[in-house]
Amino acid sequence: MRLHKNLCFATVDGLLLIFNEGHYADKVVQQLLKRDKRWGSRDRGFVAETTYDIVRWKRLYAEIAEVKEPFNRDEIWRMFAVWATLKGISLPDWKYFENTPTRKIKGRFDEFSKIRKIKESFPDWMDELAAKALGEDVWTKEAAALNEQADVILRVNTLKTTKEKLKSDLFDLDIETEELAKYPNALKLAERGNVFTTEAFQNGHFEVQDASSQLVAEYLQVEPGMRVVDTCAGAGGKTLHLASLMENKGQIIALDIYDNKLKELKRRAKRAGAHNIEPRHIDSTKVIKKLYDKADRVLIDAPCSGLGVLRRNPDAKWKMQPEFIEKIKKTQAEILSSYSRMVKSGGKLVYATCSILPSENQDQVTKFLASESGKEFSLVKDNKILSHQTGYDGFYMALLERK
């Protein structure tokens, strides 16, 4: 591979914004990709993947390059040189790469490969917390899996098409997909690519949604005609899946504290042809209380640490602080206690997170069931998903039933 100056400059500029200014990696990459209209898909792919790669391995590359935050531009170039050297890319004769100690870089990489928190590039506190929660062996495997680039998985919108038809339509556009056993509506892209420009996407025939995430709506055991409440709907990935599972029959009330996310959900629902979704902004406790004892099914896709989805959001490793996890656990307990009251007698509830920590998952469910608000519920089943076992995002889901 030959390095091109304009692409490398864009990457370095982006990394300065992410590391020093605290900007979100996905937003920075979106902006970078609009920088030069002449860039082809390979150029854009280089900028996006290299930026994410260096964010993902920030600690390892910084240790090898012997630089500390906040990084100046020259130090980012040094980290870039480490990235290129470890990828086996020969460095061009540019001033930024003068005196790059290639052999030393490889030697330091071998040395750091014996220390998990540096090798896998995690902050000390996160490495210790996860090792304690999951056990050393499991965390060692999971840490490695969370650094692998995530596959692009599509969820077929069965309101508008079938898996076979979508597979064929994409094949006609030279986009190859493969079916996944145990994931009835999923198709995996054989190669990464931009599927958002396709007519099939614009016509609402699919959404991009990780395979683990696709299990959550199915776990709720919805049926056409039911009244379902998605309590933390956000922009509605799981809400749309529920609508297709319910064949547009019945009612889905999509709640969220962020009105702008619900506006995005409306737009997506229109594209998907999902007509049974009613977004409601939680602007007071009245919105929740009105629904007490009214729902056949309730989904609580709870706010969480997001440690299960670090493959997609590697910058979260560097933004998160230990206090945040303590704070979010309190929020989860409060939400579970309050929102569970929407489930009517004989109804069911799914509590889900994209975390791998038992303290956010099964421990929360155990505490809830032992509490006053949880005494009418029983655990039907739960599912703990780890990336190193499935190849997909880390997730947790528990199905509870109200007597």
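**Strand pairing and burial in a predicted model**

Modeller: Leu-154 has Leu-187 as its bridge partner in β3. The model is predicted, and local features need pLDDT of at least 70, side-chain atom pairs count only at pLDDT 80 or more, while totals for chains, interfaces and linings use all residues. Residues are numbered from 1 along each chain as its sequence is written, and side-chain values use heavy atoms, with hydrogens and water left out.

Colleague: What makes β1 and β3 a pair?

Modeller: Two strands pair if DSSP finds at least two bridges between them. β1 and β3 share 3 bridges in the antiparallel sense, so they meet that condition. Strands are DSSP runs of E with at least two residues, and helices are runs of H or I with at least four, both numbered from the N terminus. The chain has 19 helices and 11 strands.

Colleague: Which strand pairs with β1 over 3 bridges and holds Val-208, a bridge partner of Leu-154?

Modeller: That strand is β4, and its pairing with β1 is antiparallel. In general, the strands of a sheet pair through backbone hydrogen bonds, either parallel or antiparallel.

Colleague: Why are β2 and β4 called edge strands?

Modeller: The open sheet has 4 strands in the order β2-β3-β1-β4, with antiparallel pairing. β2 (177-179) and β4 (206-208) are its edge strands, as each pairs on one side only. From one strand to the next, the twist averages 35°. Such angles run from 0 to 180 degrees between N-to-C directions, with axes fitted to C-alpha atoms. At the β2 edge, 3 bridges join β2 to β3 (residues 186-189), and Glu-179 stands opposite Leu-187 in β3.

Colleague: How do you know that both faces of β1 are covered?

Modeller: Ile-153 and Arg-155 on one side, and Leu-154 and Val-156 on the other, are all buried. Buried means under 20% relative accessible area, exposed means over 50%, and partly exposed lies in between, with a 1.4 Å probe and protein chains only. In a regular strand the side chains alternate between the two faces of the sheet.

Colleague: Why is Ile-175 classed as it is, buried or exposed?

Modeller: Its relative accessible area is 16%, and therefore Ile-175 is buried. Ile-175 lies in the loop between α10 (163-172) and β2. Leaving aside neighbours within four places in sequence, Ile-175 is in contact (heavy atoms within 4.5 Å) with Leu-170, Leu-189, Val-195 and Thr-198.

Colleague: Which class, buried or exposed, do Asp-283 and Asp-301 each receive?

Modeller: Asp-283 has 61% relative accessibility and therefore counts as exposed, whereas Asp-301 has 19% and therefore counts as buried. Asp-283 lies in the loop between β7 (277-281) and α15 (285-289), while Asp-301 is found in β8 (residues 295-301). The unreviewed UniProt entry places the feature "binding site" at Asp-256, Asp-283 and Asp-301; such annotations may be inferred rather than shown by experiment.

Colleague: How do you know that the radius of gyration agrees with that of a compact globule?

Modeller: The rule is 2.2 Å times the number of residues to the power 0.38, with the radius taken over C-alpha atoms. With 403 residues, a compact globule would have a radius near 22 Å; the chain has 23 Å, and therefore the two agree. Buried residues make up 53% of the 403 residues.
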